[in-house]
Each structure stands twice: as C-alpha cells, then as structure tokens.
Amino acid sequence: MIEQFIESLPEKVRCTDSFERGTKHRKKDNALSYPYIEHNQLYKKYIAIDVDMPGSAFLWEKHNLPPPTFIVVNPQNSHCHYLWQLRTPVIYTEGGRRKPQQFYENVDCSLTRSLPGADPAYVGKFIKNPLSSFWRTIRHNTEYDLEDFKEYIDTTPIRKRQNLVWDALGRNNTLFNNLRFWAYPTVKHYLNNHAGFISAVEEKAFEINSQFISQSDKGSLLHKEVLSTATSVSGYTWRNRYGDFRRKGIMQLPEDMPQKQKESLGACYTNKVRSQSVKEKIVQAVAELKAQGTPITQKSVSIRADVSIRSVKNQWNEVAQKFNLYA
C-alpha cells in the first residue's frame, strides 16, 4: 500500500512542515519527508477525512465503517486523518466524467457525516503524510471500489455546509465574491505572515468549492480554477491589507454608506466587469474561429473561449449580429 501511495503522487508535490510558513512544490522524494503533503488532486486515489476528536483512531470500527487504508494519528492530541485507497482513481482533469466525480463526492460527504468529530469544512487537499515520522500511522492492507461503500453508508447527495451567497452568473463568480468578502477582514490577522495568509485563502477557496457539490449540476470547479481565483484574491487583498476595505476601493463609495449596501454594489460592479471580460473572450474566440475557417457554433465558441455554454448563449445574439453569422 505504501508503494501505491507513493506512485499516486505527482512528480512534484506541494508540502510543508507548517502552514504558517506556506507550502512549496518539491520533488516527490524530498516532499515525502514533510509532515503535510497534497495528495493528487487531478487523479484522486484516496478519500481523506479529518477527524478532530481525541482517541479517534478506531472510531471507524465503532460506527461500522470499512477500515481505512491509512489512519494517520497526531501523537499529541490523538486526532486523525483517515485515508481510504481506491482501486481506480477518480479523474478531475477537464476530460473527467461528472458521474464518477459526483459519486466520489457523495461518498466523501457521507463518510464525514457518519463520523462524530469529522470536520465538515475539510476539503481533503492536504493530508497528514502517512510516511512521516512526525505521525503514528496504522495501516490496513485494503482498497476499495466506490461501489463498496454502499454497504456501509448512505451515498445520497448531501452538502457539507450551506452558508454560500450564490451568484446568478455561476460558480466562478460565487467563489470569487464569497472568497474576497471573507479575505478582506481575515487579512488583518496575517499582517506579518504572507505565506500563512496565502495558505488560508487557498484552504477557504477549496472549502467554498466543496459546497458546489450539491448546489450545481456541474459539481465543483477544476483545481486550477480554484487556485487561480485564490491567487487573485490573496494577491489583491495582501497588497491592500493596510487599507479599509469597508470604505476604499475603485468605486469610491461614501464612508457613511451601510456595509451591506456597499457589498451589494461591489458585487454588482464585479459582475459587470467579469461579464465584460467574458464577452471579450467570446468575441476573440469567434474572430479566431472565423479566421481559421472553423465552423462557428455555440459549442465551438465555448470551448475556444474557455467559458460556459450558458455564457455564450447569453451573448450569442449580439455576437452573431456583430460577425454577421447568419448572412
């Protein structure tokens, strides 16, 4: 099982010995000596659960769950990470199918719900490294198909948390707006710890992304999309960390305006800017397809512009008229 765990990791692995100092990509051989590592997010070979309860190493047995492949125990407080190894990894690249992804996510949520003390906000990104001497690791020589979990848990779709403010323009905007409004006050606790703030923003971004599992037919966003948004939000927030986010900004809103009204107007402004950006992508994509002599359809434009088909449909009449597509 140890060999399979090592093989499941990419050649460069994000790792750290302290999240306050941030994370860094290192070659696999070096990364395996660190207490915390990021298991493969594109080919998910493990279901990871964080159990924040003392003496939880055998909690799975008490609640009639299948034995985890690895139980990684913190010797100081007896909290654990449970890792169940899958025979076949679930693919989370752009070519991955939604059905197995959704099944994986449902199993993850159900296992979390079944274990007292399991952290519902944990997104299974960074795990306690089962090879690190920093922890005590219990191993079971076992692996699973996702179907096997139906014998132990109810895999009906459930949501881990339900506190998102949903944006009508979709998941990317929802992630961006919820993340930035969380980051603005949070940065004040990290004024001398840039790396720690970046890690906190990334963790929050993936926590928000995990909530899309039951709120969108498309499920969670791709790993690279979440990281891109987190990088954008953490960068802007850090550069402006000494300012007053309640009063300053590009809109120059009045200082005495109620905070909720400012947030509402700010969200509207952001949506307008992002909508314009999407429109520019679509127009550029149509121009490139036309220059190449490629058939221009809503689907081909969506792929070329790397935007949703819904966004293309919203702009289609204007774009068709601009390029005289129906002449």
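Two strands are taken to pair if DSSP finds at least two bridges between them, where strands (E, at least two residues) and helices (H or I, at least four) are DSSP runs numbered from the N terminus. The structure is a predicted model, in which local features need pLDDT of at least 70 and side-chain atom pairs count only at pLDDT 80 or more, while totals for chains, interfaces and linings use all residues. Residues are numbered from 1 along each chain as its sequence is written, and side-chain values use heavy atoms, with hydrogens and water left out.

Strand S1 (residues 12-16) pairs with S2 in the antiparallel sense over four bridges, and Cys 15 has Lys 24 in S2 as its bridge partner. Both strands belong to an open sheet of four strands, ordered S2-S1-S3-S7 with antiparallel pairing. Strand S2 (24-27) and strand S7 (126-128) each have a single partner strand, so one side of each is left without a neighbour in the sheet.

The largest nonpolar core (buried Ala, Val, Leu, Ile, Met, Phe, Trp, Tyr and Cys residues joined through side-chain atoms within 4.5 Å; buried means under 20% relative accessible area with a 1.4 Å probe, protein chains only) has 25 residues, and Ile 47, Ile 49, Tyr 82, Trp 84, Leu 111, Leu 115 and Phe 149 touch the most other members. The elements below each supply at least two residues of this core, and S6 gives the most, with five residues.

| Element | Residues |
|---|---|
| Strand S4 | 43-51 |
| Helix H3 | 59-62 |
| Strand S5 | 70-73 |
| Strand S6 | 80-91 |
| Helix H4 | 98-114 |

Apart from this core lies another, of 19 residues, including Val 187, Val 201, Phe 212 and Val 226.

Key. Buried means under 20% relative accessible area, exposed over 50%, partly exposed in between (1.4 Å probe, protein chains only).
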